[in-house]
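Student: I would like to learn how strands and surface patches are read from a structure. Could we go through one slowly together?

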Amino acid sequence: MSDNKVFFGLEQVHIAFLDDTGDTFTWDEPIAIPGAIRFAPSPEGGESKFYADNGLYYSEVTNDGYTAELEMALFPDNVLKDMLGWIIDDNGMLVEVADGRPKEFALMAQVEGDKRPRRFVYYKCKASRPAKESTTKGESVEVATDTLSMVISPVDIEIDETVKRIVKSTIEKTDENKTVFDNFFDDVLLPSVTGS
């Protein structure tokens with residue numbers, strides 16, 4: 001349970017590329033991407049309603065993950081290359097490949113709270129090309145940022161011998177989880193539940 005009343009300040013954005021070639025999901029070592037500006041996830045899914053006896057008789061809510069936008073000062077070329085299936089040629093030129101195969105990844109970051117920080121991970125993200133506007137320099141310099149659209153999907157993970165479809169996890173720093181919290185960006189943290 002959170003002691004925070006509000007959250008603010010996005011920072012410490014990391015991505016970890018997903019390796020789903022084996023029987024279980026694993027992620028590469030997280031890569032720090034400086035210059036976080038905005039992360040805006042929008043829930044995907046819906047509610048099915050069934051009416052009987054002159055009223056709502058049954059309803060079902062689905063969680064299909066999120067669509068999201070991530071705005072950064074700049075995405076590094078080597079990250080875009082793997083994320084979007086592009087190439088970097090012998091001259092160091094980033095080449096947009098029309099039929100490139102995007103690589104899925106986990107998105108990790110931190111927001112500040114009025115009491116304590118919160119870190120989060122979205123486990124299975126797929127990005128599309130970033131939007132970037134270039135304008136002429138006027139009396140003052142206007143920085144052009146990168147905005148990347150993504151789809152965040154559920155992933156099947158075994159938790160306590162039961163397969164669960166998970167989308168994201170959040171953790172706030174406490175005395176009990178200090179070590180786990182401090183090492184959060186070392187690897188993609190999966191839920192750990194013992195007992196039923």
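Tutor: Let us begin with a pair of residues, keeping in mind that this is a predicted model: Phe7 stands opposite Gly113, which belongs to β8.

Student: Which strand pairs with β8 over eight bridges, and in what sense?

Tutor: That partner is strand β1, residues 7-19, and the two pair in the antiparallel sense. Strand β9, residues 118-127, also runs antiparallel to β8, joined to it by six bridges, and among the partners across these strands are Gln110 and Arg119 of β9. Between β8 and β9 the chain passes through a hairpin of four residues.

Student: Is β8 mostly covered or mostly open?

Tutor: In a regular strand the side chains alternate between the two faces of the sheet. As for strand β8, residues 105-113, eight of its nine residues are buried, so that the strand is mostly covered, where buried means under 20% relative accessible area.

Student: Turning to the surface, which residues form the negative patch?

Tutor: The negative surface patch is formed by Asp28, Glu29, Asp186 and Asp187. Of these, Glu29 lies in the loop between β2 (26-27) and β3 (31-32).

Student: Why does Glu29 count as exposed?

Tutor: Glu29 counts as exposed because its relative accessibility is 65%, and the cut-off for exposed is over 50%.

Student: What makes up the nonpolar surface patch?

Tutor: Phe50, Tyr57 and Tyr58 make this patch, which covers about 380 Å². Tyr57 has its place in strand β5, residues 55-72, and because its relative accessible area is 55%, Tyr57 is exposed as well.

Methods: Residues numbered from 1 in each chain as written. Predicted model: local features only at pLDDT ≥ 70, side-chain atom pairs only at ≥ 80, totals over all residues. Heavy atoms only, no water. Patch = residues over 30% accessible without salt bridge, like charges linked within 9 Å, V, L, I, M, F, W, Y side chains within 5 Å. Areas by Shrake-Rupley, 256 points an atom, 1.4 Å probe, with all protein chains shown as cover. Salt bridge = Lys/Arg side-chain N within 4 Å of Asp/Glu carboxyl O. Lys, Arg positive; Asp, Glu negative; His and termini not counted. Charge placed at Lys NZ, Arg CZ, Asp CG, Glu CD. Buried < 20%, exposed > 50% of the residue type's maximum accessible area, 1.4 Å probe, protein only. Pairing = 2+ DSSP bridges.
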